[in-house]
Amino acid sequence: MSTTKKTAVGVVAAVLGLTTLTACGDDSGGKKADGAASKTVTLVSHDSFVASDAVLKEFTRQTGYTVKVLKSGDAGEAVNKAVLTKGAPQGDVFFGVDNTLLSRALDNDVFEPYEAKGLDRVDDAVQLDKDKHRVTPVDTGDICVNYDKKYFADKKLAPPQTFDDLAEPAYKDLLVVENPERSSPGLGFLLGTAAAYGDDGWQDYWKKLKANGVKVVDSWEIAYNQEFSGSAGGKQAKADRPLVVSYASSPPAEVLYSDPQPAEAPTGVSTGTCFRQIEFAGLLKGAGNTDGGKALIDFMISKKFQEDMPLNMFVHPVVEDAKLPELFTKHGVVVEKPQTMAPDKIAENRDQWIQSWSSLVLK
C-alpha cells in the first residue's frame, strides 16, 4: 500500500492517538564536523511510513546506524520534493516512490544505482528497474474503493463492486477520491480506470462519475480520515461519504486500531475497482551517508523488516520467505485480478492523463 502506502493506511494510528516512530541519532545525515562518518542514516518518505521500534533498533544493532525519518507529505508531494532537491537531497534514502510515479523520479536522475543484497528473494515481476538497480522494490498493495458496511446495511443497499457500479444513480454523492496530481492512491485509481476503459474510454467514464457527484480532495489522509464515514477518523469528523479510494488492506487497519477490536472489519473492499501498486526505495544521489543508505536498503528487504510491514503500513511483503500475520490475512482482501499497466505506458501518458483529468473533473 503509504503511504503507504500506502500503505498509507498506517495514518489511522495517528488519528487514534498512536504515535509513529522516528529512531533518533546524529542528524547530519553524512559527515560530522570533524570529518568522521555519521552514524545516522536519514530516510525520506511519504507521511505513511511506519516501522516498529524493535525493528529499527535491530537495524541499529546489526549495522551501528540509527535511522532518522523525514516525512514529506503524500507520496506525490514527496516525489516532487525529491526531484526539486536532486543532487542536494534532504536525506540518504527515499522510500515511497511507486510504479505510478517511478518514471518521474528516474527521468530526473534522483537515485544512485545500488544492487541491494537479498534481491534473489524478490519476485522478478516487481523488479521494474532490474537492469540498472536505481530502485529496490519493498512492498506491494492494491488501491481499491473501500465501503462503510454499516451505511450500506442500514440503507439496505448492496455496496458497489466494480468501476461501472460507481457511476450508477444508487451511489450518487457517495464517493470521495484523491486528486491524482497530488496523491498516489488518486493516481492509481485514475490509472485503474484508464486500464479498465482504455485510452478512448476513461474520460467518458469520469464524466459519468462527475455527474454522479464524485468528490475530490487533495490527499488520502483527508479522504480517508475526514470524508469517509467508515473510518475511525471519519466517525470523529462526522464524515458523510461511505465510499473512498483507499487500499485492499485498509480493513485490517480498522480492526487493529479499534478498541475493543471487532470480530469483523467495519469496512469492505470493492474488488472490481483495484489497481496494483508497487513501492520502492532508492539511494538518493548526493546522499551524505551512502554506506548507511545502502545498509538501510538491504535491511528493508530483510525478513525482519518485511514481516514488520503488514501491521504497520498495511502492505504486502515482496520477499518470498516473509510470513503474513493472522490479523492481516483474516481481515484483508486478496485481489485476484487487479488492473495493471506497463511502466512505459504510465511514463508515456501519465502527465497528459492528469492534465486531461483536471480539465474534465475540476472545472
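The lining of the largest pocket divides into six nonpolar residues, one polar and three charged. Start there, and keep in mind that this is a predicted model.

**Stop 1: the largest pocket**

Select Asp-123, Ala-125, Val-126, Thr-140, Arg-276, Ile-278, Pro-317, Val-318, Val-319 and Glu-320. These residues line the largest pocket. The space inside comes to about 170 Å³.

**Stop 2: H7 against H15**

Now show helix H7, residues 184-197, and helix H15, residues 343-361. Their axes lie 11 Å apart, and the packing angle is about 100°. H7 is therefore roughly perpendicular to H15, because angles of 65 to 115 degrees count that way.

Turn on side chains at the contact. From H7, pick Leu-187, Leu-190, Leu-191 and Ala-194. From H15, pick Ile-346, Arg-350, Trp-353, Ile-354 and Trp-357. By class, this contact of H7 with H15 has eight nonpolar residues, one charged and no polar.

**Stop 3: H7 against H8**

Keep H7 on screen and add helix H8, residues 202-211. The axes of H7 and H8 come within 8 Å and cross at roughly 120°. That crossing makes H7 and H8 oblique to each other.

On the H7 side, select Phe-189, Leu-190, Thr-193, Ala-194 and Tyr-197. On the H8 side, select Trp-202, Tyr-205, Trp-206 and Leu-209. The contact of H7 with H8 has eight nonpolar residues, one polar and no charged. Look again at Leu-190 and Ala-194 of H7: they take part in the contact with H15 and in the contact with H8.

**Stop 4: Asn-212**

Move on to the loop between H8 and strand E7 (215-217), and select Asn-212. Is Asn-212 buried or exposed? Its relative accessible area is 8%, so Asn-212 is buried; the cut-off for buried is under 20%.

Leaving out residues up to four places away in sequence, Asn-212 touches Leu-166, Ala-167, Glu-168, Pro-169, Tyr-171, Lys-172 and Asp-173. Hold on to Tyr-171 for the next stop.

**Stop 5: Phe-152**

Select Phe-152 in helix H5, residues 149-155. With 2% relative accessibility, Phe-152 counts as buried.

Which residues does Phe-152 touch, not counting those up to four places away in sequence? They are Tyr-147, Leu-157, Ala-158, Pro-159, Pro-160, Tyr-171, Leu-174, Pro-242 and Leu-243. Tyr-171 thus touches both Phe-152 and Asn-212.

Finish with a distance. Pick the C-alpha atoms of Phe-152 and Pro-242: they are separated by 8.1 Å, while the two residues sit 90 residues apart along the chain.

Note on methods. Residues numbered from 1 in each chain as written. Predicted model: local features only at pLDDT ≥ 70, side-chain atom pairs only at ≥ 80, totals over all residues. Heavy atoms only, no water. Helix = DSSP H or I, 4+ residues; strand = E, 2+ residues; numbered from the N terminus. Buried < 20%, exposed > 50% of the residue type's maximum accessible area, 1.4 Å probe, protein only. Contact = heavy atoms within 4.5 Å. Axes fitted to C-alpha atoms, helices over the stretch in contact; angles between N-to-C directions. Parallel < 35°, antiparallel > 145°, perpendicular 65-115°, else oblique. Nonpolar A, V, L, I, M, F, W, Y, C, P; charged D, E, K, R; others polar. 1 Å grid on protein atoms, 1.4 Å probe; cavity = no way out; pocket = protein on both sides within 12 Å on 5 of 7 lines; lining within 4 Å. Points joined across faces, edges and corners; volume = space filled by probe spheres on them.
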